[in-house]
Amino acid sequence: MLHVAVVGSGPSGCYTAQSLVQQDPDVVVDVLDRLPCPYGLVRYGVAPDHEKIKSLQNNLRTVLEHDRVRFLGGVQVGPGGVPAARLRELYHAVVYCVGAATDRHLGIPGENLPGSWSATEFVSWYSAHPDAVDDGFVRGAHSAVVIGVGNVAVDVTRMLARGTAELTPTDMPQAALTALAGSRVTDISMVGRRGPSQARFTTKELRELGTLPDTEVTVDPAELGRDPAYVDTSGLPAPQRRNVEVLHGWAESPPQDSRHHIRLRFFLRPVELLAAAGRVGAVRFERTEPDGQGGVKGTGHYEDVEAQLVLRSVGYRGVPLEGLPFDPATGTVPNLAGRVVREGLVAPGEYVAGWIKRGPTGVIGTNRPCAKETVTSLLEDASVLVQRELRADPFTALRAEGIEPVEWTGWQAIERAEAELGASLGRGVVKLPDWQSLMTAAHGTTV
Ligand code: NAP
């Protein structure tokens, strides 16, 4: 049998495991995750109100319950855990599916003022990630600025505008629900540095903003009109044209009297976060204009947009992995069809899939063909890899080295505890938000 370790149990890790066992009956797979819970960004990134996308967990579950796949949670690979070199000894091959673990920075003054967070910090908090901190995101704020116009920006904007009735049925942790239910943030500006035809959000996600109860979405027609592709959409690909049509509809809509107001702004690039009363008070933007080559240039005109809460939603970024090469320009591991490349040479037995392979783009389904490509490369190498005799069952070896993985039964115990917590609160499933409660549920003991 070929023993493969997949590091990361998000969509790319699960699709890699699935592809391996589907394509080869002589493969067994351990899916390792540093968290005791599987599913990666499906559990800790997909917004709680996107139940349909979250239900993808059911597909990923069938992969992790396959009889040749084992889930080993709570196993850190790298510093403080299992060294990458040790993992290579324990398995014939290792596939890193660790995603893009951090966020990009703006690199402007005031970026780290109190009240300014990366969107990923906010998402982690309302998704109950055990490393998230409750930093009182919405406390004392009535205006918010979301920087960036990708799907994560749309997610956090929508979550800020959702009311208690819509949030209560979700699995968001109780503390986040209480905070968002009491939020006084009524004015949310989502701001793009380029034009409407260059926004990264998808039309389905954009349209959803217009369906939020008691929420008005406005777009300034003059701002849209700065984009030549808005004025003449004939050259635009269909997805961008649909975005522009939705924005056009909002620009023409009469004003409403709603509790929440979402303003979609364009051609404004952030240059500084301004302080007021010891925290962020506004974002200073420079007005931009198209440079004729798909980018923008500054105009020397500035606008301050009031905000006591700033969410920087400018994309994720991969982080270097111990013992693996890394391309800082792209935030990815250099690879050839998923095979890790070291100093121009393919490293046998080491592979990547998902965002750490191709960068943080695409929807969940994009990971399926990406994983398949990597698995094809790995199975081409299998006849060579399998010649190395493994000394022991990797699981037994890990335990002998003091690592106590959370097995599938441990995860199922977490699921039961979350259902019980929800029932006790008169809600559906409610996520456990911290390490202590997760590990207590998984192992039946306190940590
Ligand atoms: P993204 O799609 O790459 O969008 C990043 C946004 O930040 C862009 O508008 C970008 O503008 C802007 N930006 C980057 N640097 C900036 C700077 N220095 N100043 C101002 N703006 C800046 O990233 P994302 O929203 O984090 O999404 C990541 C991936 O996850 C995407 O593939 C997305 O579709 C996916 N996702 C999907 C869903 C869903 O399907 N529901 C939900 C969440 C995420 P420029 O274009 O000008 O660079």
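Here are some questions and answers about this predicted model.

Me: How many helices and how many strands are there in the chain?
Reply: Both kinds of element turn up here. Count through the chain and you get 18 helices and 18 strands.

Me: What radius of gyration does the chain have, and why does that agree with a compact globule?
Reply: Start from the length: the chain has 447 residues, and a compact globule with that many would come out near 22 Å. Along its principal axes, the C-alpha trace spans about 70 × 55 × 35 Å. The radius of gyration agrees with the globule value, because the chain has 23 Å.

Me: What share of the contacts in the chain join residues at least 24 apart?
Reply: Leave out the short-range pairs and keep contacts between residues at least 6 apart in sequence. Of those, the share joining residues at least 24 apart is 74%.

Me: How much of the exposed area do carbon and sulfur atoms supply?
Reply: Let's begin with what's hidden: 53% of the 447 residues count as buried. The chain still exposes about 19200 Å². Of that area, carbon and sulfur atoms supply 52%.

Me: How far apart are the centres of the positive and negative side chains?
Reply: There are 44 positive side chains and 53 negative ones. Take the centre of each set, and the two lie apart by 2 Å.

Me: Which helix gives the most to the largest nonpolar core?
Reply: That core has 50 residues, and F122, Y126, L209, W250, L264 and F266 have the most contacts inside it. The helix giving the most to this core covers residues 151-161 and puts in six residues. So which one is it? The name is α7.

Me: How many residues of α7 are buried?
Reply: This helix is mostly covered. Its buried residues include V154, V156, M159 and L160, along with D155 and R158. Out of eleven residues in α7, the buried ones number nine.

Me: What does W250 touch, not counting residues up to four places away in sequence?
Reply: W250 is among the residues with the most contacts inside the largest core. Skipping its sequence neighbours, W250 touches L206, R207, L209, G210, V217, V219 and L264.

Me: Is G115 buried or exposed?
Reply: G115 sits in the loop between β5 (102-103) and β6 (116-118). Beyond its sequence neighbours within four places, G115 touches R279, V280, Q308, L309 and V310. Its relative accessibility is 5%, and the cut-off for buried is under 20%, so G115 counts as buried.

Me: How far apart in space are G115 and R391?
Reply: In sequence, the two residues are 276 residues apart. Going from C-alpha to C-alpha, the distance is 52 Å.

Me: What is the relative accessibility of G422?
Reply: G422 lies in helix α17 (residues 408-424). Leaving aside neighbours within four places in sequence, G422 is in contact with R427, G428 and V430. G422 counts as buried because its relative accessibility is 0%.

Me: Which residue follows α6, and has a positive phi?
Reply: Helix α6 (residues 119-126) is mostly covered, with seven of its eight residues buried. Among the buried ones are F122, W125 and Y126. After this helix comes a residue with phi near 70 degrees, and that's A128.

Methods
Residues numbered from 1 in each chain as written. Predicted model: local features only at pLDDT ≥ 70, side-chain atom pairs only at ≥ 80, totals over all residues. Heavy atoms only, no water. Helix = DSSP H or I, 4+ residues; strand = E, 2+ residues; numbered from the N terminus. Rg over C-alpha atoms; globule rule 2.2 N^0.38 Å. Buried < 20%, exposed > 50% of the residue type's maximum accessible area, 1.4 Å probe, protein only. Contact = heavy atoms within 4.5 Å. Areas by Shrake-Rupley, 256 points an atom, 1.4 Å probe, with all protein chains shown as cover. Lys, Arg positive; Asp, Glu negative; His and termini not counted. Charge placed at Lys NZ, Arg CZ, Asp CG, Glu CD. Core = buried A, V, L, I, M, F, W, Y, C linked by side-chain atoms within 4.5 Å.
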